[in-house]
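Thanks for sharing this one. Could you have a look at the model below and then go through my notes?

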Number of protein chains: 2
Amino acid sequence: MDGKRIQDDIQRLKTSSIKVSGSSEMVRNALLRSISEGLTKDWSLIASANQEDLAQAKAGHLREALIKRLVFDEDKLASVQMGLEQVARLDDPIGEVLERRLLDQNLLLERVSFPIGVIGMIFEARPDALVQIVSLCLKSGNGIILKGGKEAFRTNTALVASIKKSAQSSPLGEHWLTLLESHSDVSSMLKMDDAIDLLIPRGSNAFVRYVMDNTHIAVLGHADGICHMYVDERADLQKAVACAVDSKIQYPAACNAIETLLVNRSIATQFLPLVASALQEKGVIIHGDEATSSLVPCTPYKEGDYAIEYLALELNIRVVEDLDQALEHISLYGSKHTDAIISEDKASIRCFMREVDSADVFANCSTRFADGFRFGLGAEVGISTAKIHARGPVGLSGLMSSKWLLSGDGQTVSAYSGTGAKPFLHTELGCEGSSLVEGELV
Amino acid sequence: MDGKRIQDDIQRLKTSSIKVSGSSEMVRNALLRSISEGLTKDWSLIASANQEDLAQAKAGHLREALIKRLVFDEDKLASVQMGLEQVARLDDPIGEVLERRLLDQNLLLERVSFPIGVIGMIFEARPDALVQIVSLCLKSGNGIILKGGKEAFRTNTALVASIKKSAQSSPLGEHWLTLLESHSDVSSMLKMDDAIDLLIPRGSNAFVRYVMDNTHIAVLGHADGICHMYVDERADLQKAVACAVDSKIQYPAACNAIETLLVNRSIATQFLPLVASALQEKGVIIHGDEATSSLVPCTPYKEGDYAIEYLALELNIRVVEDLDQALEHISLYGSKHTDAIISEDKASIRCFMREVDSADVFANCSTRFADGFRFGLGAEVGISTAKIHARGPVGLSGLMSSKWLLSGDGQTVSAYSGTGAKPFLHTELGCEGSSLVEGELV
């Protein structure tokens, strides 16, 4: 039975991921590098699998954008191999002491970072995302269940086969990783509450939204990215033009590109012609509200525009009365992703940064900086708009949980309770040095 | 329309909670103390409301344990007032700099702690839990939607009325807090994905399980608490007896009491008579496996016992071959809450601490230490067995999220991309000192 096979597979995966989580940094890093070498060795198999997927996609008249994401060529290979090396060089996220407190003499409490357990990754059509997430899970000691789109089935199968081959020669074995066959539905994965601790969906906004709405498992990711830039009355207009243009055109299909520019009325007459011509020079179509339309040539705003994530060279411009109206607009239409203010007034900046309830709140720079690599996180797991666990660009830390370790010499709670109760010391200690579980690794 | 009224209420609550999150520590602490005084002033109203709830509960033949939880007498009042004072004295959790990195000259990144937003609390019958969670939400700048059990309706209404009265005289107002009427179902609250960022259910295991299984909102809590103690072959038997007895009898109805004692075969003959007589002296009924039954008088184990959370003076004892079999047992039957090893062997302790996938993993002490106050967290939001966001005993930090703040002077991403790209500095800075949003608070 298929269900039974999957159950067995996952049980084995859990056992195997415990081995990975207990392994030394050296073993995990060596495997990351051997996976990279393995991809080179197996390149012809992978490339021809990808050719078959592409041929089928073209025959099936898939959208051009989808086909582009499906491509796994030598450039993509080089980039995932560079990624594997970068991840190998990151600090070991396992076993870091996050809190340390002496509860009483010989009663030492530590909170230590440990892997979350089993990560479920669901992705539509980007085979390079498979390698990236596998490398992050391996580094962080998590097991991983992969479910790729059927368009990339052959490429994914070839990639996983190559990765498993490398893993077989490692002390860690190959069972911490499994690829679900394409006939098992995404919906069955969404129901694996018992097996999967965290889901990471990669794909279109609609796809991520579908995953979020149809599972009780925690989801790390974001659906819409409706980002704003507000140009304050005390903005430096040169900076405002540069930042607005960059935020829109540097990569319009990115989630952190802006969809709406909010302009303070007191500078509108001066600023709008500057920014409109700079944007239009780059081919941006402007959807302007009434005030904007009266100052610059543009497409008039129509109902609903503020809620659209264009992901293209289109931008709403709205004139607002003041900072408060800008905040209101962002609260109403924003997707809690990334929003920026351009202003030379410190009080306005502070107010904006405090009140905008988004993962990333910027002042006087492009929204396009919202990215794990630019933030210096080393590797990016994804960008989360959730407010629990991890928020904004998420590095390896998003794949980590923690355990409380308490080590005593026979203490009982009754001694610390009732009349004559011993008091606790609760002495805060530094987090430096090795944890209670360090040493003697695989 | 009721649904419309709730929607409006929640919109007002969101706006109001932003005010709370932006308020100074002083304002929030002053309100915590005035809530405490208000409860004294309103005591006769609260006490008589509680009397009515109790009379109805008795007339309706509610279980004794439930009635006990429903009581809100002067002792409970004193204890919640002490709690309010303790929470007022805690460090301000808002605005803490968690990471600080210079991405480039004049491009400063900070990750700063901010409230999660809106907490939903669902509780069965403990009115003191209402005051506790309100105080924690206020301290942490979160809005709160409360839904109490109908048994405690009058008491809850009186408590919330008193709290709101105190809040009215504060700059924060009363709208960051709302009590849903008893006719609006729990199930409608579980569907408020858009309004509620985190659910905290308090009540029976079955109730918490129900909540977890019926919402897409993140839940902070735990259902079952099936905790274990493993007595290793190199255990100090005196410590083992003391810790096992304490872990079982110090408060048998607690989630962190043990339900199963695992004993290494090599010490069983010596240890079992000691521990059995110590436990039986305290009235504990032992369910022993075959090996245990052959050594001490007990009720023979029957199928399914290992999966029971007795919450009473009953305990399974099983003889295991070795540490591996103990780990296997815990992995199979445990609820990832709290498990302990008693051993003088450092390697066994390390192995146990590393491999047991529970929120709390202890060595040579009672499992009953698993508690926010004993851990020195100041205030306890709850104990979480989830592996994301917060795990184990959770302090105020469980009610916090964070934002990424980036402050520049007009930087664009295009300058850091493509040929001639500027490199990032990514200089790690310390987290001391005030954040980008500090100053000028309400």
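My notes deal with one strand and its partners, and then with how the two chains relate.

1. Some ground rules: this is a predicted model, in which local features need pLDDT of at least 70, side-chain atom pairs count only at pLDDT 80 or more, and totals for chains, interfaces and linings use all residues. Residues are numbered from 1 along each chain as its sequence is written, while chains are lettered from A and ligands numbered from 1 in the order in which they are written.

2. Strand 4 of chain B covers residues 143-147; strands (E, at least two residues) and helices (H or I, at least four) are DSSP runs, numbered from the N terminus. Five of its five residues are buried, so the strand is largely enclosed by the rest of the structure. Buried means 20 or more other C-beta atoms within 10 Å of the residue's own, with C-beta atoms placed from the backbone.

3. In a regular strand the side chains alternate between the two faces of the sheet. Here G143(B), I145(B) and K147(B) point one way, and I144(B) and L146(B) the other.

4. Strand 4 of chain B runs parallel to strand 3 of chain B, joined by five bridges, with G120(B) partnering I145(B). Three bridges pair strand 4 of chain B with strand 5 of chain B, also in the parallel sense (pairing takes at least two DSSP bridges).

5. A turn of 180 degrees and a shift of 0.0 Å along the axis lay chain A on chain B with an RMSD of 0.0 Å, superposed by least squares on C-alpha atoms with pLDDT of at least 70 in both copies. That is the relation of a two-fold axis.

Key
Buried ≥ 20, exposed ≤ 12 C-beta atoms within 10 Å, placed from the backbone.
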